[in-house]
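User: I have this one open in the viewer and would like to talk through how the helices and a few side chains are placed. Could you walk me through it?

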Amino acid sequence: MNEDKKWMEIAIQEAIIAEKEGEVPVGAILVRDNILIAKAHNQPIANNDATAHAEIQLIREAGSRLGNYRLTNTSLYVTLEPCAMCFGAMIHARVSRIVYGASDSKTGVCGSRKDFSNLDCFKHRATVNGGVLKKECSQMLSNFFKIRR
């Protein structure tokens, strides 16, 4: 669990970058064999791209760096529970493990709103661990939206 906290701290730093850029503060990183492969943050506004969630940006970056769209034997850390789009992308990329911080009761599909992790329509399964540094991740999002409202 200490390793998960260490990696989630780096994802939180990416979320802080997103917030400074005026984006919803969500950050993500990808790790393989205890090595940081890539990191990214939300950029839908900056990129005029509804698909530019932190996880999608991360998968694109990691695939480019590794020269392979298959991200086998990796752990993806993200500060907010993935949505359906991001979860699907992670499964298609063959991410082995998904670790998230804050739950998302509106669009989260790793147990909060729905649970896609056990659906039999996917050929690949990833293990899911939620709630890592949940308080820190949740507070960042709450503060962001409080200011916006």
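**Burial and helix packing**

Analyst: Let me begin with Ile-59, which counts as buried because its relative accessibility is 16%, and the cut-off for burial is under 20%. Please keep in mind that this is a predicted model.

User: Which element is Ile-59 in, and what does Ile-59 touch?

Analyst: Ile-59 belongs to helix H3, which runs over residues 54-66. Not counting residues up to four places away in sequence, Ile-59 touches Leu-71, Leu-76, Ala-89, Met-90 and Ala-93.

User: Met-90 sits in H4, I think. Which residues of helix H4 are buried?

Analyst: In helix H4, residues 84-92, the buried residues are Cys-86, Phe-87, Gly-88, Met-90 and Ile-91. These buried residues of H4 pack against H3, S3 and S4, and Arg-94, which follows H4, has a positive phi near 70°.

User: Changing topic to H1: what is its span from first C-alpha to last?

Analyst: H1 has 19 residues and reaches 27 Å from its first C-alpha to its last, which is close to the 27 Å expected at 1.5 Å a residue. Just after H1 comes Gly-22, which takes a positive phi of about 85°.

User: Which residues of H1 are buried, and where around the axis are they?

Analyst: The buried residues of H1 are Asp-4, Trp-7, Met-8, Ala-11, Ile-12, Glu-14, Ala-15 and Ala-18. They cover an arc of only 165° around the axis, so they lie on the same side of H1. On the other side of H1, Asn-2 and Lys-20 are exposed.

User: And what covers that buried side?

Analyst: The cover of the buried residues of H1 includes the strands S1 (27-32), S2 (35-41), S3 (75-80), S4 (97-102) and S5 (127-130), together with helix H5.

User: How do H1 and H5 pack, in angle and axis distance?

Analyst: Helix H1 (residues 2-20) and helix H5 (residues 134-148) pack at an angle of about 10°, with their axes 11 Å apart. Because that angle is under 35 degrees, H1 is roughly parallel to H5. On the H1 side, the contact is made by Met-8, Ile-12, Ala-15, Ile-16 and Glu-19, and on the H5 side by Glu-136, Cys-137, Met-140 and Phe-144.

User: How many of those contact residues are nonpolar, polar or charged?

Analyst: The residues of the contact of H1 with H5 divide into 7 nonpolar, no polar and 2 charged.

User: Back to Asp-4, a charged residue on your buried list. How low is its relative accessibility, and what is Asp-4 in contact with?

Analyst: Asp-4, which lies in helix H1, counts as buried because its relative accessibility is 5%. Leaving aside its neighbours within four places in sequence, Asp-4 is in contact with Tyr-77, Arg-97, Val-99, Asn-129 and Val-132.

User: One last residue, Val-31: which strand is Val-31 in, and is Val-31 buried or exposed?

Analyst: Val-31 is found in strand S1, and with a relative accessible area of 7% it is buried. If its neighbours within four places in sequence are left aside, Val-31 is in contact with Trp-7, Ile-37, Asn-73, Thr-74, Ser-75 and Tyr-77.

User: And how far is Val-31 from Asp-49?

Analyst: Their C-alpha atoms are separated by 25 Å, with Val-31 and Asp-49 lying 18 residues apart along the chain.

Notes:
Residues are numbered from 1 along each chain as its sequence is written. This is a predicted model: local features need pLDDT of at least 70, side-chain atom pairs count only at pLDDT 80 or more; totals for chains, interfaces and linings use all residues. Side-chain values use heavy atoms; hydrogens and water are left out. Axes are lines fitted to C-alpha atoms, for helices over the stretch in contact, and angles run from 0 to 180 degrees between N-to-C directions. Helices (H or I, at least four residues) and strands (E, at least two) are DSSP runs, numbered from the N terminus. Angles under 35 degrees count as roughly parallel, over 145 as roughly antiparallel, 65 to 115 as roughly perpendicular and the rest as oblique. Contact means heavy atoms within 4.5 Å. Ala, Val, Leu, Ile, Met, Phe, Trp, Tyr, Cys and Pro count as nonpolar, Asp, Glu, Lys and Arg as charged, and the others, Gly among them, as polar. The expected span of a helix is 1.5 Å times one less than its number of residues. Buried means under 20% relative accessible area, exposed over 50%, partly exposed in between (1.4 Å probe, protein chains only). The arc is that of the directions from the helix axis to the C-beta atoms.
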